[in-house]
Amino acid sequence: MHNRIRELRARFNLTQDDLARKVGVRRETIVYLEKGKYNPSLKLAHDIARAFNEKIEEVFQFDD
């Protein structure tokens, strides 16, 4: 799975810590997500997408 979290954070001028607080996780979780080392739960994916006012599939691209 690939994601656009880093790109969207830059667009919204958010740090990893800012985003983590918005969605209720630790900063390290955002780090692992950005590196592709962690797959989010559906709830977390939804919360992140909502923080950026995007659809889940616009933030996360699932590999075949």
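This is a walk through the structure, stop by stop, with something to select at each one.

**Before you click**

You're looking at a predicted model, where local features need pLDDT of at least 70, side-chain atom pairs count only at pLDDT 80 or more, and totals for chains, interfaces and linings use all residues. Residues are numbered from 1 along each chain as its sequence is written, and side-chain values use heavy atoms, with hydrogens and water left out.

**Stop 1: the whole chain**

Show the protein chain as a cartoon and you should find five helices and two strands. Going from the N terminus, they come in the order β-α-α-α-α-α-β. Here helices (H or I, at least four residues) and strands (E, at least two) are DSSP runs, numbered from the N terminus.

Along the principal axes, the C-alpha atoms fill a box of roughly 30 × 20 × 20 Å. The radius of gyration of the protein chain is 10 Å, which agrees with the value near 11 Å for a compact globule of 64 residues. That radius is taken over C-alpha atoms, and the globule rule is 2.2 Å times the number of residues to the power 0.38.

Switch on the surface: the accessible area is about 4,400 Å², with 46% of it belonging to carbon and sulfur atoms. These areas come from the Shrake-Rupley method with a 1.4 Å probe, and for residues only the protein chains shown count as cover. Of the 64 residues, 38% are buried; buried means under 20% relative accessible area, exposed over 50%, and partly exposed in between (1.4 Å probe, protein chains only).

**Stop 2: the core**

Now select Ile5, Ile30, Ile48, Val59 and Phe60, the residues with the most contacts inside the largest nonpolar core, which has 16 residues. A nonpolar core is a set of buried Ala, Val, Leu, Ile, Met, Phe, Trp, Tyr and Cys residues joined through side-chain atoms within 4.5 Å. Helices H1 (5-11), H2 (16-23), H3 (27-35), H4 (42-51) and H5 (56-59) each give two or more residues to this core. H4 supplies the largest share, four residues.

Zoom in on Ile5. Which residues does Ile5 touch, not counting those up to four places away in sequence? They are Leu19, Ile30, Leu33, Glu34, Ile48, Phe52, Val59 and Phe60. Contact means heavy atoms within 4.5 Å.

**Stop 3: Leu19 in H2**

Leu19 is found in helix H2, and at 0% relative accessibility it counts as buried. Leave aside neighbours within four places in sequence, and Leu19 is in contact with Ile5, Arg9, Ile30, Ala51 and Phe52. Try a distance label to Ala51: the two C-alpha atoms are 7.8 Å apart, while the residues are 32 apart in sequence. For the chain as a whole, 53% of contacts between residues at least 6 apart in sequence join residues at least 24 apart.

**Stop 4: H3 and its glutamate**

Colour the buried residues of H3: Thr29, Ile30, Val31, Leu33 and Glu34. They pack against strand E1 (2-3), H1, H2 and H4.

Is Glu34 buried or exposed? With 12% relative accessibility, Glu34 counts as buried. Beyond four places in sequence, its contacts are Asn3, Ile5, Arg6, Arg9 and Gln16.

Thr29, also in H3, counts as buried at 19% relative accessibility. Thr29 touches Tyr38 and Leu44, again leaving out residues up to four places away. Past the end of H3, pick Gly36, whose phi is positive, near 75 degrees.

**Stop 5: H4**

Select Leu44, Ala45, Asp47, Ile48 and Ala49, the buried residues of H4. Their packing partners are H1, H2, H3, H5 and strand E2 (60-61).

**Stop 6: two asparagines in loops**

Finish with Asn13 and Asn53. Asn13 is in the loop between H1 and H2 and has a positive phi of about 55 degrees although it is not a glycine. At 68% relative accessibility, Asn13 counts as exposed.

Asn53 lies in the loop between H4 and H5, and it too has a positive phi of about 55 degrees without being a glycine. Its relative accessibility is 70%, so Asn53 counts as exposed.
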